[in-house]
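Reader: Hi! I am just starting out with protein structures and would love a close look at one part, followed by a walk through the rest.

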2 protein chains.
Amino acid sequence: MANLPVNKSAHPFDKARFETVLNRRFFYAPAFEIYGGVAGLYDYGPPGSSLQANIIAEWRKHFIVEEHMLEIDSTIMTPAPVFETSGHVARFADWMVKDAQTGDVLRADHLVKNVLEARLQGDKEARGQAAQPPPSEDDKKKKKKKEVKAAAVQLADEKVTEYETILAQLDNYSGPELGKLCRTHDIRNPDTGNEVTEPQQFNLMFTSSIGPTGQHPGYLRPETAQGHFLNFSRLLDFNNGRLPFASAQIGRSFRNEISPRAGLLRVREFTMAEIEHYVDPGDKSHARFGEVKEYELDLLDRHTQEAGSTQATRTTVGDAVARGVIANETLGYFLVRIAQFLLKIGVDPKRLRFRQHMQNEMAHYAADCWDADIHNSYGWTECVGCADRAAYDLTVHSNKTGHPLVVREALKESIVTERTVAEPNKKVMGKTFGKDFAAIAKVLEDLDEPSLEKLKADLEQGTGTVVGPDGRNFALTPEMLTIGRKTFKQSVREYTPNVIEPSFGLGRILYVLLEHNFWAREQDIERGVLSLPPVVAPTKVLIVPLSAKEDFQPLVREVSSKLRRAGVFSSVDDSNASIGRRYARNDELGTPFGVTIDFASIQKRTMTLRERDTTGQLIGDIDAVIALLVELVNGTASWAEACRRLPAYDGVQDVD
Amino acid sequence: MANLPVNKSAHPFDKARFETVLNRRFFYAPAFEIYGGVAGLYDYGPPGSSLQANIIAEWRKHFIVEEHMLEIDSTIMTPAPVFETSGHVARFADWMVKDAQTGDVLRADHLVKNVLEARLQGDKEARGQAAQPPPSEDDKKKKKKKEVKAAAVQLADEKVTEYETILAQLDNYSGPELGKLCRTHDIRNPDTGNEVTEPQQFNLMFTSSIGPTGQHPGYLRPETAQGHFLNFSRLLDFNNGRLPFASAQIGRSFRNEISPRAGLLRVREFTMAEIEHYVDPGDKSHARFGEVKEYELDLLDRHTQEAGSTQATRTTVGDAVARGVIANETLGYFLVRIAQFLLKIGVDPKRLRFRQHMQNEMAHYAADCWDADIHNSYGWTECVGCADRAAYDLTVHSNKTGHPLVVREALKESIVTERTVAEPNKKVMGKTFGKDFAAIAKVLEDLDEPSLEKLKADLEQGTGTVVGPDGRNFALTPEMLTIGRKTFKQSVREYTPNVIEPSFGLGRILYVLLEHNFWAREQDIERGVLSLPPVVAPTKVLIVPLSAKEDFQPLVREVSSKLRRAGVFSSVDDSNASIGRRYARNDELGTPFGVTIDFASIQKRTMTLRERDTTGQLIGDIDAVIALLVELVNGTASWAEACRRLPAYDGVQDVD
C-alpha cells in the first residue's frame, strides 16, 4: 500500500497551473514587482533560493571536489581594456532590428523564428492537420500581446521545406543575412505589421564607470571566464606548475538582453558555474576517459543541422570521439560529466541532447562548442555550453599585457639539435660595415642551412656575398666570420595551454528542473506535486505535529534537532490546517518526506513516515524512522527498501 | 609531547610577512593584476574562496537554519526609481575634496583623520615618547607615497586635546563641517601641500543602463536590503502572515569608493550577508532573549564617543537593555548572536567591540545602529552593522508604489469602543448647503467628543453652529442630523513592521580573521602559521604519502575517499618536498591536520596524525585515526582529547 506505482503523466503538463504554483509559493517572482518589474530580472524566494543553493552544493561536490578543481571568486566589475582585448567589446553582440515606424526594438533572429514558425503553424491548420501550438520563446504573461498569430494560410510545399531549413540553421545566419531573410520573406513586426530596419549590432554588456572621475569605463562581466584567465599564472603556480588542471567559479554575470521574454530562460542577470580546464594543445586525452567511454549521449552534430535536420543520434562517447564527431577525449569526458550531473539533480534523461554549434554560430573565442540542450515548454534550451576555447584568451591577454600566460614544462629528456650557424667577428665586420653591421648580422642569423653551406663554400673560395634588407650586396671575406656546426640543448618546453570550458546557466537548469518534475495527482488535477530528488529538494523533511499544542513541542524539537545533527534540513508546519492539507502544500514545495507527531508518538514513541510521490505511509519507532530518513535523504536507501524495513501505516492506531 | 603549549606571540605580528604569505599562496590578489589592477577590486584564489565558502556555510547554519530565516536571492541590477524612493540617490554619498591645484580626489574624513593623526604622532615624537606608528587606513604597498609623514613638532597641550576630541567623533561631522576643519586647522593634501576645495558629495552607487534604448537608468545595489523590502508581502505570505520573522540574503553589492586604499577592508565590490528581521514596532522583545542576557559585550555607546572617549565598557546584554544603552531586546539578541558567530569562526574576542553610531553618522534610514568593530593592523574596522531601520524603507516604498507593505493581524479579542458620532441627514443637509455639504460633513466627522456633546445640547435647544474650513459659520437644525453614542468593533490590527538589520561584510571579516590567526613559530620566524579553526579552514586534512610512488596510491585513495564520505575535505600533497616542508607549506594555508602514509601504513595499517599549532603527532590504526579526525573536524573532540586516545608518535617505528 505504501509503495504503489504512481502515474505522473495522468494529466498533460499544464503550464498555467505550474506557473501559478511557482508564483504562489514564491519559488521566484519578477524583481521590483511592486514597481512594475523589469524584463529579464527575477528574485528567488525561499524555496527557489534553497533549490539553487542545493544545486550549487551538488555542483561543487560533483565537479570541484570530485575533480580537485581550484575554485576562485573574481570580480564582476571589469575595466574596459580587459574586454577590449578579449574581443567582447567588438563582438559580444546580438543583431537587433527596429520597427520602421514605432522604433520598437526586436531581436532579429527571434523575429524571423517567430514569424516563420507562425506561418508553418498556419499552413498546418489550413491543411487540416491537428497541431499543437509551436513552442514559443514568449513569456506566458505577454503571450496575448507578443505571440505571433498563426493565420490559417496554406503554403506551397517548397515554401514549407524552405522555412524548415531556415529554422534548422537559424543560429548560423549573420546580421546582414537575417536582414535579407526579412526582405525576401516579407518578415515584419507582428505587433504592428510594419517593416523593420536593417539589423544592427547591439553589444550585450552592461556599462558603468569606475571611480569618482568618470574617466575609467567598466563593464559588468557577461561570463566569469576572463577572471580565470587573468589569474592563470597564479593558478598554475598554486597547482605546482603542473597541467592539466581546472579552475572553477560560481558567480553572477550580466547580459543586457535586447528584449527578454522567456521567464528564467532569458534573463539579464544570472548565476553561472564555469570550469576552465587547461590542457596541453598537443594532448587532449583525459586520464579518466576510460570510465565514461561506454556512456551514451544523444548527439546532434553540426553537419546534421547544416543539412536541415534536428534529429539527434544516440552514441557512446567512446565511439563519437573515435569517429571525430566529438573532437577529443577531454571534451567527451566533460559532456558525460555534465549529463551525469544533470540527471543526478533530476533532469529527464529523455529531454536532454548535446548539440554542436555551427560555424557562424560559435562565440568569437570558440574553436568547437557543444551545448547541453534541455527540452521544456519553450522548446530546446541551451543550459550548459561546453566550448573548446583553444588558446584564444590566454594568447590575446598575454600579447596585450606582455605577461606570459604559458606553461613551462621541464622536458624529461633534453632535446639536442645540431645545426650550421654563422658567427661574425664583430671587430672586423664592425670596422668594415659600420652602421650596416647589425643589419648584416641579422641577415646571417636568418639564413637557412643550404644558404649557409653555400656561403661557407664561397668563403673557402675567398669571398662570399649577402644581400642586405634594402637589397644592397655586401661582400664578405673569411676573416669576417666562421661558419660551422653547433649543438643546441633544449630542456624546457614552453606553450600556451588550450582551454575546455563547461559553462552552466544555473537559472535555466533550475527552471527546466522544475518543469520536468511538476505533475498533478491522477485523482485530483488541482493537487500539484514537485518530485524533486531529495538531493536538491529545498526541505528534506516536513515535521507535522497533530496540532500546535504544547504537548507536541518537546517531540517536535527532538526530531528536528536529531535530523539537524544528522545534516538533514527539516521544517515544521504547526498551522491549523488538516494534516492532509499540510502535506499537499508541501508536495508543491517538493518536500520528499513527512513525519507526523501525534498522541501515539507521545505514548509509544512511534511516528509515521510519508513519501511524497506515492503518498505511502510507514510507521515505526521515532529513532528508527529518523535513521531511515537519513538514509533516504542521503540516497543510501530507496523508498522500496524503506517499505521492506517498516510496516505500512493503515491510518489506524491504538492510543490508550 | 604531542600536546605542548604553543607560544603564538613569540614574534610580534609582522604585516609584511603576513601579506607575502597571503599573496604567494593566492588567498587573494588585486583583480586585473596583469592589466595593472584597479583600486578596490580583488580576486580570491583557491584558499581564499574556500575560506569564504566555509564562512558562508557556517553563517547559513548559525543564522538561517538555527533561526528559521527565509533565504532569498534578489538581483544586483536595480532600476533607478527604487533607489530614488529609498533615499540612496539623494543621500548615499561620501564627502570628497579635490586638491586645488592638481585636482586629485581625496575622501574628506580620511584626509582630516590622516593629517591630525600624523600631527599627534609628530607631537609624541617631539615630546620624546616612544610611539608606535598610528594605525593607518593606507595600503601597505602605497604606504611610502600615501602615509602622511609625521614631522616631530610639539603641539600645545590644548591642541592635542582638541585633535583627540575631533578624531573620537570624526564620523559625526557633516561635509561643511569637515571643510571648516580643513580651513581652521590648515589641513592640506599631504602629497602636494596644496589646499583642498570645499567638500562635495559623491554618490557611491555605480550607475548603468538597462535595455537597448538607453532610457532606463539603473544602479548596482550598494546593499542587498532593498531586495528584501520589495518582496516583503510575498515573504510575509510565505510565513503564513505571522510576525516576527526574518529574511536573509548572501550576495554581492557595489560601492564606488572615492579612493579605496586598505586592501580587503575598503573595496568597490563585496559579498555581504544581510538579515532583515521584521518586528512589531510596539513589541521589540525577543523570544530567545533569556538565552543570551548574561552574555558580556564590550560596548562603546554614543554618549561616550560624543564626550571624546573611545573607551568601551564590558556589560551584560541584559543590563545594557535594561539601562536603555541598547534600545531593545531584539537588537541586544542579535548583537550577541553576531559576537557568537565571529568568535566561532576564529575572531580574537579581545579585539571585538560594539560601537554605537553617533547621531550624524547614521545612514539616512537608520533609527539606531551598532557596529561590530574588529581591531586589526588598520585600526578598528566596522565588520558587521546592526541597524534599527524602523519602518523607514517599507513606508517609503509603500507610499511610492501604493502597494501596502503592512501586517494585518487578527486581534484575539476584538476591540469594542463606544463613542459619540454625528450622522448627517444627507437629503436635508444637501438641499440646504448644496456644494458646501461635503465640507460640513467632514467638519462634523472630525469634531471631538466634547464639541459633539455641546452641539447636541445646542440642537436640543433648537439650533447649533459649525465653522467650515474657510471660517464661515453654518447654522444647523435638529432635522439635519442625529448625534448619539455608537459602538465600534475592530477585529484586525494593521501596521508597518520595524526592521532590525544585522549586515555582514564578509570580505572584511575574512581579512581580520586571517590577521588574527597568523603567527610565526617561536624557533623560526620564517615559518608562518594560520591557526584557522577547522570549521572554516580551507582544507581540513592534508594527506602526505612518503612519496608519489605507486605503492602508496591505494591507501591515499582509501583515506581520501573515507574522509570524503564522512564529509571531511582533504587534499593530497605527493610532491617531492620533504614531509616537514609539505607540512610547513600547509601550516601557511591553515590546514589543521595532516596524516602521513608511509611503509608502516602499508605493512601495519597505521598512520600518523599531526596537529598544526602544536606540531604534535599521534599514531594509530588508519580507521581509528580517520574516526578521530572526523570528530576533531566536527568539533566533538579536542586535540587534548585526541592525545588521550592515541599514543604520541616519537618519529620512530619498526618496519619489517
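How many of the eleven residues of helix α21 (residues 579-589) of chain A are buried?

Author: Happy to help! Please keep in mind that this is a predicted model. Helix α21 of chain A is mostly covered, with eight of its eleven residues buried. Going along the helix, the buried ones are Arg582(A), Tyr583(A), Ala584(A), Arg585(A), Asn586(A), Asp587(A), Glu588(A) and Leu589(A). Right after α21(A) comes Gly590(A), and its phi is positive, near 85°.

Let us stay in chain A for another covered spot. Val267(A) sits in the loop that links β10 (245-254) to β11 (269-279). Why is this valine called buried? Its relative accessibility is 12%, and buried means under 20%, so Val267(A) falls in that class. If we set aside neighbours within four places in sequence, Val267(A) touches Gly40(A), Tyr42(A), Arg255(A) and Glu257(A). For one of these, Glu257(A), there is also a distance to look at: ten residues separate Glu257(A) from Val267(A) in sequence, and their C-alpha atoms are 7.1 Å apart.

Now for the place where the two chains meet. On each side the contact involves 72 residues: 72 of chain A with 72 of chain B. Together the chains bury about 6,200 Å², and 62% of that is on carbon and sulfur atoms. Within chain A, the residues that lose the most area to chain B are Ile34(A), Tyr35(A) and Arg234(A), which together make up 13% of what that side buries.

What holds charge against charge here? The rule finds eight salt bridges across the interface of chain A and chain B. Arg242(A) forms a salt bridge with Asp574(B), where the closest N and O atoms are 3.8 Å apart. Polar contacts can be counted too: 30 residue pairs between the chains are in polar contact, with both residues at pLDDT 80 or more. Helix α2 (residues 46-65) of chain A gives the most to the side that touches chain B, namely seven residues. Sorted by kind, that side of chain A has 36 nonpolar, 20 polar and 16 charged residues.

A good residue to visit next is Arg252(B), which belongs to strand β10 (residues 245-254) of chain B. With 15% relative accessibility, against a limit of under 20%, Arg252(B) counts as buried. Its contacts, leaving out neighbours within four places in sequence, include Asp73(A), Ser74(A), Thr75(A) and Ile76(A) from chain A. From chain B, Arg252(B) is in contact with Ile76(B), Arg221(B), Glu269(B), Phe270(B) and Thr271(B). With Thr271(B) there is also a polar contact between the side chains, at 3.1 Å.

Elsewhere in chain B, strand β22 (residues 518-521) and strand β23 (residues 524-530) pair in the antiparallel sense over four bridges. These strands form a hairpin with two residues between them. To see one bridge for yourself, find Arg521(B), whose partner in β23(B) is Asp524(B).

Finally, look for Ala627(B) in helix α23 (residues 622-634) of chain B. Its relative accessibility is 43%, which lies between the 20% and 50% limits, so Ala627(B) counts as partly exposed. Between Ala627(B) and Arg389(B) there are 48 Å from C-alpha to C-alpha, and the two are 238 residues apart along the chain.

Notes
Residues numbered from 1 in each chain as written. Chains lettered and ligands numbered in written order. Predicted model: local features only at pLDDT ≥ 70, side-chain atom pairs only at ≥ 80, totals over all residues. Heavy atoms only, no water. Contact = heavy atoms within 4.5 Å. Buried area = accessible area lost by both parts, 1.4 Å probe. Salt bridge = Lys/Arg side-chain N within 4 Å of Asp/Glu carboxyl O. Polar contact = N/O pair within 3.5 Å; in protein donor to acceptor, adjacent residues only side chain to side chain. Nonpolar A, V, L, I, M, F, W, Y, C, P; charged D, E, K, R; others polar. Pairing = 2+ DSSP bridges. Buried < 20%, exposed > 50% of the residue type's maximum accessible area, 1.4 Å probe, protein only.
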